[in-house]
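Please work through the exercises below with the sequence and the coordinates open beside you. Each one sets a task and is followed by a solution in steps.

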Amino acid sequence: MKKDFKHIRNFLAQQQQRYLYRSPRLNHSPQQPDMVIDGEKILTFCSNDYLGLANHPELIQAFQQAAANYGVGSGAAHLINGHNIEHQRLEEALAAFTGRERALLFSTGYMANLGAIGALTSKGESLYQDRLNHASLMDAGRLSDAKMWRYQHSDMNNLQQRIARSTDTASMIVTDGVFSMDGDCANLKELANIATEHQSWLMVDDAHGFGVLGETGAGLVEQEGLSSDDVPVLIATLGKGAGTAGAFIAGDHDLIEFLIQSARTYIFTTAMPPAIAAAGCKSLELMQKETWRRNHLQQLITQFKQGADQLGLPMMPSDTAIQPILVGGSDKALCYSQQLLSQGILVTAIRPPTVPAGEARLRITLSAAHTTQHVEQLLSALGKLNFSTEK
Ligand code: PMP
């Protein structure tokens with residue numbers, strides 16, 4: 001008998017009814033503020049290319065040169081014969097940049113998180129996660145043999161209570177550095193103290209802080225003045241501030257050797273293309289050389305926050321490049337996003353399950369590639385929406 005896909009069709013119809021149906025937009029441009037999407041010229045405020053490096057000529061050149069030298073595909077996993085000299089160069093540069101003994105590349109942040117949590121937690125142990133951590137961390141926790149507990153967002157008392165309630169050994173506390181959909185930062189100092197008190201690992205996923213926060217751009221750990229002893233497992237992705245793709249875990253020599261032997265998403269997958277690693281090396285250089293990018297981004301954040309404040313927009317408490325406007329219902333979020341689009345501005349509506357039900361939002365992200373005029377344009381478009389009364 002033919003398989004009946006009725007439940008799938010029902011699900012799709014329900015997603016439509018609940019304003020939760022999503023489709024990718026077709027992008028014809030490099031990643032930059034002015035883009036052609038679905039055939040329309042629009043000004044975008046939703047990319048994670050925080051430093052505006054994704055389309056940097058020197059990155060493109062580094063990528064092209066490495067592709068000419070080493071071809072496109074890496075051909076195999078790192079432990080077979082896919083570990084190219086460009087991967088090695090990037091791992092060493094990342095270790096030096098983050099002030100750690102070693103770094104290990106993964107093809108995506110999702111895989112780095114699955115790999116690290118899978119390898120570092122075992123049966124009979126407990127794993128604690130902020131309830132707003134990224135989906136890849138949650139999925140890693142579900143796949144792990146350890147018992148996962150979720151504590152209330154940034155609530156240290158709640159975390160302590162959860163630890164007290166568990167009879168298992170506390171093996172790991174995991175947090176986003178900058179929360180991806182809220183833009184606020186984790187309380188790393190307190191988390192480090194709690195982790196030390198319970199002799200547990202502290203793992204920070206600094207996907208949205210890396211390249212952007214801290215004096216040199218090394219991220220939230222640097223901004224908070226913490227060391228590798230405080231945060232022994234640091235993860236960051238390279239597809240956001242660094243403008244390339246992939247991710248890395250940085251830590252001490254033994255941690256990295258352990259992950260090489262045990263992290264399944266490192267062992268059983270093809271290494272990222274060497275040219276991506278070469279572009280990553282160039283990106284690290286530019287992050288350190290072109291410090292104006294971080295400064296300019298900070299100015300844009302201040303400009304936007306002041307403007308949003310004057311307009312009385314329902315902003316979430318964030319000082320980072322992620323500036324969400326909380327609107328509540330998915331229908332409203334979609335409607336506002338559509339209204340902005342009709343003014344030539346793309347800000348995506350973020351809806352469940354990416355955020356909790358009733359907390360849909362417009363997630364505005366700023367980039368060093370934006371100008372102050374771009375931000376003025378955004379504020380002027382937002383000023384035309386009526387956030388308080390619109391249904
Ligand atoms: N962690 C966080 C906090 C993220 O926001 C993301 C991506 N949105 C990831 C991990 C996954 O990274 P990647 O896109 O490289 O898989």
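The exercises that follow go from the ends of the chain to its ligand site.

The model is a predicted one, in which local features need pLDDT of at least 70 and side-chain atom pairs count only at pLDDT 80 or more, while totals for chains, interfaces and linings use all residues. Residues are numbered from 1 along each chain as its sequence is written.

**Exercise 1. Helix 1 and what comes after it**

Task: Compare the span of helix 1 with its expected value, and decide whether helix 1 lies in the open or not.

Solution. Helices (H or I, at least four residues) and strands (E, at least two) are DSSP runs, numbered from the N terminus. The expected span of a helix is 1.5 Å times one less than its number of residues. For the twelve residues of helix 1 (residues 6–17) this gives 16 Å, and the end C-alpha atoms are 16 Å apart, so the two values agree. For burial, a residue counts as buried if 20 or more other C-beta atoms lie within 10 Å of its own, as exposed if 12 or fewer do, and as partly exposed in between, with C-beta atoms placed from the backbone. The number of buried residues among the twelve of helix 1 is zero, so the helix lies largely in the open.

Next comes Tyr19, in the loop between helix 1 and strand 1. Its phi is near 60°, a positive value in a residue other than glycine, and Tyr19 is partly exposed, with 17 other C-beta atoms within 10 Å.

**Exercise 2. A sheet of three strands**

Task: State the order of the strands in the sheet that contains strand 1, and find its edges.

Solution. Two strands pair if DSSP finds at least two bridges between them. Strand 1 (residues 34–37) and strand 2 (residues 40–44) run antiparallel and are joined by four bridges; in this pairing Asp34 stands opposite Leu43, and Val36 stands opposite Lys41. The hairpin of these strands has two residues between them, and Asp38 takes a positive phi near 50° there. Strand 2 also pairs with strand 11 (residues 345–346), in the parallel sense and over two bridges, with Thr44 opposite Leu346. The three strands therefore form an open sheet in the order 1-2-11 with mixed pairing. Strand 1 and strand 11 are the edge strands, since each pairs on one side only.

**Exercise 3. Strand 7 and its partners**

Task: Which strands pair with strand 7, and are its faces covered or open?

Solution. Begin with strand 6 (residues 169–176), which runs parallel to strand 7 and is joined to it by five bridges; Ile173 has Leu202 as its bridge partner in strand 7. Between these strands the chain crosses through helix 8 (residues 188–197), and this β-α-β crossover is right-handed, a term that applies if, with the strands pointing away from the viewer, the path from the first strand over the helix to the second runs clockwise. Strand 8 (residues 233–237) also pairs with strand 7 in the parallel sense, over three bridges, and Met203 stands opposite Val233.

For the faces, recall that in a regular strand the side chains alternate between the two faces of the sheet. In strand 7 (residues 201–205), five of five residues are buried: Trp201, Met203 and Asp205 lie on one side, and Leu202 and Val204 on the other.

**Exercise 4. The ligand shell and an annotated lysine**

Task: Describe the residues that surround the ligand, and then locate the modified residue listed by UniProt.

Solution. A residue is near a molecule if its C-beta atom, placed from the backbone, lies within 6 Å of it. The ligand is surrounded by 13 residues, of which Thr108, Gly109, Tyr110, His134 and Ala207 are the closest. Helix 5 (residues 109–120) gives the largest share of this shell, three residues. By class the shell has three nonpolar, eight polar and two charged residues, where Ala, Val, Leu, Ile, Met, Phe, Trp, Tyr, Cys and Pro count as nonpolar, Asp, Glu, Lys and Arg as charged, and the others, Gly among them, as polar.

In the UniProt record, an unreviewed entry, Lys240 is listed for "modified residue: N6-(pyridoxal phosphate)lysine"; UniProt positions are given in the numbering used here, feature names are shortened, and annotations may be inferred rather than shown by experiment. Lys240 lies in the loop between strand 8 and strand 9 (247–251), and it is buried, with 29 other C-beta atoms within 10 Å.
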